[in-house]
Amino acid sequence: MEFRVQQLQWKKLWVEKERRATQLAQSREQVSSMQGRVGEARHRLAQAKAPLNNRTCEVENLQRVVNARSQEEHDLNGRMERGQKTLRRLEEQLKAKQEEFEALKAKSARWAVDVTRARQELDRVKSERAAQPQGLNLQQTARLAALAVEIPQGAGEIATVQVQLSQKRKDIEEMAAGIRSTEAALQQQWDLREQRLLKLERKLPLSRRLHEWITEMRSAGRFRRRVLGPVLMEIRAMPDRTSAAQLEFMLNDANLGAVITENQEDNNLVHNWLEQNKAQAKGRRNRLLFLPEDPGPVQYTDGHPSQYAAFGITGTVDQIFEATSDLVKQAMCVSSSINTAYVGTAYAEQAQVVEALFSRTSVRRLLTPRLSTVVNTSEYDRSYKSQKIQDLPPAELLDDGEGAVQGDEEAKRQELEAMRQEKASLEAEAQQLEESLRQRHADVRVLENEKQQLHNVRKRLEKSAMDLLRLESELERRLTRLEHEGDPLATAGTLRTDMCNIAEDLMRQASNTSQLIMELHNLHRGLGAVELSLAAASASLAPLHQAVRRAAEVVQAAEREVAAAEQRFERVQERLRETEAHLREELGPTGRPDAATLEAWAQFPGQVEELEELLAARQAEMDQAQAGLRGDEAAVMEAWQRRETEITDLRQRSAAGSSEVRAAEADIEARKATWLPELKRHMEAINQTVKRHFASIGCAGEVVLRESGDEFDKYAAEIRVQYRPQEPLRPLNRNHHSGGERSVATMLYLMALQGVTTTPFRVVDEINQGMDSCNERKVFNLLVESSSRPDTPQCFLLTPKLIAGLHYNSHVRVLPLRYMPAARMSVLPAVAALLISKAEEHEREATGGMGVVADGSSSDQAAASSGSQASQQQQQQQHLVVGAIAGLPQLPWHRMKSILFYGRDSMAGQG
């Protein structure tokens with residue numbers, strides 16, 4: 001039946017191809033006939049354009065005549081405009097000459113007035129100059145000479161007093177700056193003491209009252225010898241926070257709140273006070289330290305710090321702070337042994353440095369910027385030592401900040417009082433100098449005012465004489481200039497002659513302009529008749545233009561019809577090519593049926609519609625026949641048809657996807673340009689680490705990237721090793737290198753990956769398999785060292801046995817695993833099979849059963865399917881039992897077949 005359906009499909013394609021060939025021939029004939037109609041329409045358009053062209057030539061000739069007359073009219077208008085401009089210019093010149101004549105008459109009148117006024121002014125100035133005095137009298141001259149001597153003497157005295165006053169003010173400013181600096185230092189010390197008291201009072205509630213009581217008793221002289229405390233208040237400011245944290249860690253709160261005494265009676269007084277106020281202490285009393293004898297200078301029983309400078313030791317804790325009295329350091333050495341606690345730099349934090357320091361020296365306590373390390377020796381076995389490593393907490397009570405100021409507060413207060421007294425004395429002296437300076441300034445100003453008045457009188461007389469002399473000279477020059485210029489009316493004769501000449505030129509130009517106006521009027525009369533003829537000819541063009549436009553529209557419509565027919569022809573031709581290609585795919589390269597196919601087609605109808613109806617009926621019969629097959633065979637047929645459809649679809653997509661392929665190739669190149677350099681950078685970092693690892697074990701090795709163009713699946717990291725000096729570097733190979741050598745190279749490569757990868761933890765299983773003891777020790781030491789670095793993930797090392805004498809640090813923890821008997825291990829496969837069975841039961845319950853009923857199938861078929869599925873479930877349970885016995889679960893055959901043939905489980909997701 002399937003063969004008949006295929007023959008029907010081929011017959012349908014062949015009939016469609018024949019019909020489309022007929023349609024193509026018809027379309028070709030339609031295009032040819034339409035092209036003929038287009039030619040006829042273009043011939044009629046040419047006939048309509050002939051009278052239009054003749055009339056257009058006539059209109060153009062008339063237009064040329066009009067243009068010539070218009071150009072002649074334009075020339076006459078230009079000449080007339082130029083004549084009118086000449087008339088206006090001559091009129092303006094005549095008017096200007098008349099105005100110039102009137103201006104000469106007015107100028108002559110002003111000249112006569114100016115001459116008379118200049119003579120009168122000159123006579124008045126001469127009389128005033130003769131009556132004016134020539135300068136100061138004799139008494140005024142003598143007083144002016146005396147003032148010239150007295151004023152410099154007063155100015156010299158003022159300068160001397162100003163120098164003295166400036167020096168006093170400078171001294172006062174320097175003293176004020178010193179006072180401000182001392183006050184600021186005292187205020188900072190007071191703030192530091194208050195901060196320390198507040199923090200200490202939170203730890204030991206009696207600290208403030210105890211400090212105030214000791215200060216009061218010390219001021220009243222009630223103590224026989226030195227009484228210091230609390231210790232926190234006797235320690236100088238510590239700007240270095242690291243040193244403050246180290247000191248506070250060693251002393252702790254009890255020692256920082258302690259009171260130190262030297263005399264037994266003083267010790268009893270402090271003890272009694274603490275007993276009287278113990279109710280307010282809330283169980284946290286201040287400690288009392290009694291030193292009856294002077295312990296002398298600090299002794300370093302474990303060696304002087306300078307001996308251990310090679311280990312990064314800079315000193316002991318007693319050397320990192322200063323106190324108000326040496327008694328404080330002596331008491332703390334006795335109480336907290338700060339002279340045996342050594343201070344080191346960050347270099348001393350390294351594990352190998354710490355190990356060497358504690359093993360080679362007598363040092364037992366070490367403080368670094370981050371850690372506190374203490375070595376304890378067992379009382380029973382002196383060779384056994386243990387280390388206690390603690391993180392160094394930041395200082396709380398001794399945290400004074402970076403701006404803390406050190407110094408003796410009482411000495412600064414005495415210095416401040418002396419500076420204030422000296423400043424007051426300097427200010428009094430400066431005030432006296434200022435008063436003397438003001439008096440001297442007043443005397444000098446009186447003398448200068450008197451001198452200025454005399455100078456003003458003399459300058460006023462001199463200025464008046466100079467003004468009169470200058471005015472007399474100016475009036476004489478002005479009168480001489482007016483007499484030299486003479487009366488302006490003397491030049492009026494030439495102006496009258498020019499006015500007569502301009503009037504004659506004006507009359508001649510007016511006559512010429514009248515003649516041009518007559519010629520222009522005659523030209524206008526002839527131009528009117530020609531323009532009327534041009535208008536009539538232009539009006540007759542409109543019907544001719546309409547006839548040409550209608551013929552052009554007919555041509556355009558015919559051309560559009562031809563274009564539409566050509567498009568239809570191309571579409572029919574394209575469909576025909578598609579059908580022929582489809583026939584070539586089905587019938588072979590020729591695309592034509594052979595004799596056997598034509599004989600098989602003889603029993604089918606010849607129309608496409610009848611073939612489609614018959615094909616639909618045969619397809620329904622085949623679907624019904626397939627529905628009666630077993631479930632697995634129907635699935636095979638369905639899969640075959642689906643794959644056939646997918647193959648056809650993929651061919652079409654492949655033919656149309658060349659642009660997508662090119663775009664994908666461009667995208668691959670772009671991604672490669674960003675990915676490959678980054679990969680090479682990582683490989684270079686891994687290579688450098690691998691080289692260091694191999695060099696540390698006395699060998700050579702490297703890791704290189706093996707590229708393969710665009711075949712990215714062939715890219716690889718190639719490990720090259722050299723375990724013996726006489727051999728070159730060669731890739732790691734199982735045929736040349738032993739299992740231990742390959743294990744060493746692999747482990748060194750994996751450890752190098754830690755620098756370029758980020759994981760929460762790492763698991764290494766049996767790294768010592770195949771290694772000798774020497775390589776195992778080297779690899780283990782490298783693994784411990786690389787896994788103990790900061791910011792590295794946790795590493796689990798699984799191995800049945802390790803060699804003896806391995807080096808462990810504080811970051812390594814050994815966890816032994818217990819052995820499980822074989823009897824318990826034997827039940828694991830059965831348990832796994834049971835878990836799989838339970839999971840499948842839950843899956844069936846969640847999906848509502850495993851039965852499947854095909855669309856259009858009968859109830860009998862559904863019942864048969866349910867029965868077959870029940871038997872399949874029994875077979876599945878049997879297989880699970882067998883699988884449990886064998887140690888591995890097995891799947892039924894129909895599920896295995898679905899996975900092998902179709903790439904998925906046919907039972908999964910049903911329901």
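Axes here are lines fitted to C-alpha atoms, for helices over the stretch in contact, and the angles between their N-to-C directions run from 0 to 180 degrees. With that in mind, helix α7, spanning residues 326–336, can be placed in this predicted model: α7 lies across β1, β2 and β3 and runs at about 105° to β2.

The sheet that α7 crosses is a good place to start exploring. Its 3 strands follow the order β1-β2-β3, forming an open sheet with mixed pairing. At its edges are β1 (227–228) and β3 (288–290), each of which pairs on one side only. A second helix, α6 (residues 264–276), packs on this sheet and touches β1, β2 and β3, with a direction that makes about 175° with that of β3. Between β1 and strand β2 (residues 259–261), the pairing is antiparallel and extends over 2 bridges. Within this pairing, L228 stands opposite I260 in β2.

Attention now turns to a single residue elsewhere in the chain. T368 sits in the loop that links β6 (365–367) to β7 (371–377). Is this loop residue buried or exposed? T368 counts as buried because its relative accessibility is 3%, and the cut-off for buried is under 20%.

The surroundings of T368 can also be described residue by residue. Leaving aside residues up to four places away in sequence, T368 touches Q246, G344, T345, A348, E349 and L392. With E349, one of these neighbours, the side chain of T368 also forms a polar contact of 3.1 Å, side chain to side chain.

Definitions and conventions. Residues are numbered from 1 along each chain as its sequence is written. This is a predicted model: local features need pLDDT of at least 70, side-chain atom pairs count only at pLDDT 80 or more; totals for chains, interfaces and linings use all residues. Side-chain values use heavy atoms; hydrogens and water are left out. Two strands pair if DSSP finds at least two bridges between them. Helices (H or I, at least four residues) and strands (E, at least two) are DSSP runs, numbered from the N terminus. Contact means heavy atoms within 4.5 Å. Buried means under 20% relative accessible area, exposed over 50%, partly exposed in between (1.4 Å probe, protein chains only). A polar contact is a pair of N or O atoms within 3.5 Å; within protein, one must be able to donate a hydrogen and the other to accept it, and residues adjacent in sequence count only if both atoms are side-chain atoms.
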